[in-house]
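Here is a quick tour of a two-chain model, written for someone who likes to check the geometry along the way. Have the viewer open before you start.

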Amino acid sequence: MDMSGVDRYFPIAYGVDATDIVLRACQRHWPECVLRNATDDEDRSLDDPDLWIGNSLGKEFFVYRCRRVAECWHKQGAAEDNRDSMLHVMIAAGENDRNRICVVEIHDEANNMIQKILAAMEQGLNDAGTVPEIYLLAGEAA
Amino acid sequence: MTAHGSLATGGIIYHYTDKTGYQAIIAVSDWNFRARHPRHPRKPHGAYFTTLPPDTNNLAERIGVSKMKTRYFFSFTDSGDLHPLNARRPVRFQVKLYYPDDYLVTVERQCQHGENPLWT
């Protein structure tokens with residue numbers, strides 16, 4: 001079996017909500033994307049408020065460019081015509097994680113849109129300035 | 001390069017393949033998983049495996065293979081000589097393994113093989 005996919009690694013700055021940054025980067029460049037937890041079999045759109053407020057995404061999830069693409073991945077797995085349309089995101093930023101890191105596995109390194117999404121993620125994950133003010137205040141109080 | 005040691009869940013390793021690959025491997029008593037050159041130039045030459053069992057949700061997505069290649073599986077006990085394919089990942093996400101040459105699994109290490117019951 002030939003396992004496709006190449007990893008990109010992004011350190012996560014202290015206090016940054018990695019899932020929120022990933023969602024916003026995808027929303028900006030793939031506005032119709034759908035997401036699926038690695039352990040679930042339900043596709044969820046960005047309209048689902050639980051994604052944003054409830055933080056119900058797990059530490060490993062997939063982002064598909066649109067619902068049609070998601071269905072293609074579920075039916076065929078990795079294929080020539082869908083490699084540029086899915087991100088496999090893994091986030092290690094819990095209390096027991098020594099290194100706060102976001103791993104994004106991509107299947108088409110040459111795709112411009114994917115590169116833009118990764119650049120947006122990298123900037124947000126590394127930039128403590130993107131942290132909502134409430135987190136900064138909490139940090140100062142501590 | 002270090003062998004993955006304790007990465008495998010429960011010490012069981014899995015290999016997935018299609019019908020043609022499955023029939024070739026079971027044709028002899030000792031399973032021989034052939035090393036191949038992957039399409040990606042930076043991926044190592046080798047035989048590829050995973051720690052994820054057949055009932056794993058989104059199996060094809062998680063290991064980056066076509067759905068057809070998850071139709072048949074082999075499982076065998078880990079002997080600690082496989083390498084993580086994504087060594088920089090946090091350990092919990094290191095589910096892909098490889099061996100840089102053909103990989104022989106003798107009868108004593110073999111567990112199960114057959115059609116993936118959840119394959120659709």
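Two strands count as paired if DSSP finds at least two bridges between them. With that rule in hand, we can start in chain B; keep in mind that the model is predicted.

**Strand pairing in chain B**

Take β4(B) as the starting point. Strand β8 of chain B, residues 110–115, runs antiparallel to β4(B), and 5 bridges join them. If you want a spot to zoom in on, B:Phe74 has B:His113 in β8(B) as its bridge partner. β4(B), which covers residues 72–77, also pairs with strand β1 of chain B, residues 12–17, again in the antiparallel sense and over 6 bridges. There, B:Ile12 stands opposite B:Thr77.

Now for β6(B). Strand β3 of chain B, residues 47–50, is antiparallel to β6(B), residues 96–99, with 4 bridges between them. Strand β5 of chain B, residues 83–84, pairs with β6(B) too, in the antiparallel sense over 2 bridges. Which residue of β6(B) is the bridge partner of B:Pro84? That is B:Leu97, and B:Phe49 stands opposite B:Leu97 as well.

Here are the four pairings side by side:

| Strand | Partner | Sense | Bridges |
|---|---|---|---|
| β1(B), residues 12–17 | β4(B), residues 72–77 | antiparallel | 6 bridges |
| β4(B) | β8(B), residues 110–115 | antiparallel | 5 bridges |
| β3(B), residues 47–50 | β6(B), residues 96–99 | antiparallel | 4 bridges |
| β5(B), residues 83–84 | β6(B) | antiparallel | 2 bridges |

**Over to chain A**

Chain A has 5 helices and 6 strands, in the order β-α-β-β-α-β-α-β-β-α-α from the N terminus. Of its 142 residues, 36% count as buried. Among contacts in chain A with a separation of 6 or more, 66% are between residues 24 or more positions apart.

Helix α1 of chain A, residues 18–29, makes a handy sanity check. Its 12 residues should span 16 Å at 1.5 Å a residue, and the end C-alpha atoms are 17 Å apart, so the two values agree. Buried residues in α1(A) include A:Ala18, A:Ile21, A:Val22, A:Leu23 and A:Cys26.

**Where the chains meet**

How many residues of chain A are in contact with chain B? It's 28, and they touch 27 residues of chain B. On the chain A side, β1 (6–11), β4 (60–64), α3 (67–76), β5 (86–92) and β6 (101–106) each supply at least two residues. By class, that side has 13 nonpolar, 7 polar and 8 charged residues.

Definitions and conventions. Residues are numbered from 1 along each chain as its sequence is written. Chains are lettered from A and ligands numbered from 1 in the order in which they are written. This is a predicted model: local features need pLDDT of at least 70, side-chain atom pairs count only at pLDDT 80 or more; totals for chains, interfaces and linings use all residues. A residue is buried if 20 or more other C-beta atoms lie within 10 Å of its own, exposed if 12 or fewer, and partly exposed in between; C-beta atoms are placed from the backbone. Two residues are in contact if their C-beta atoms, placed from the backbone, lie within 7 Å. Ala, Val, Leu, Ile, Met, Phe, Trp, Tyr, Cys and Pro count as nonpolar, Asp, Glu, Lys and Arg as charged, and the others, Gly among them, as polar. The expected span of a helix is 1.5 Å times one less than its number of residues.
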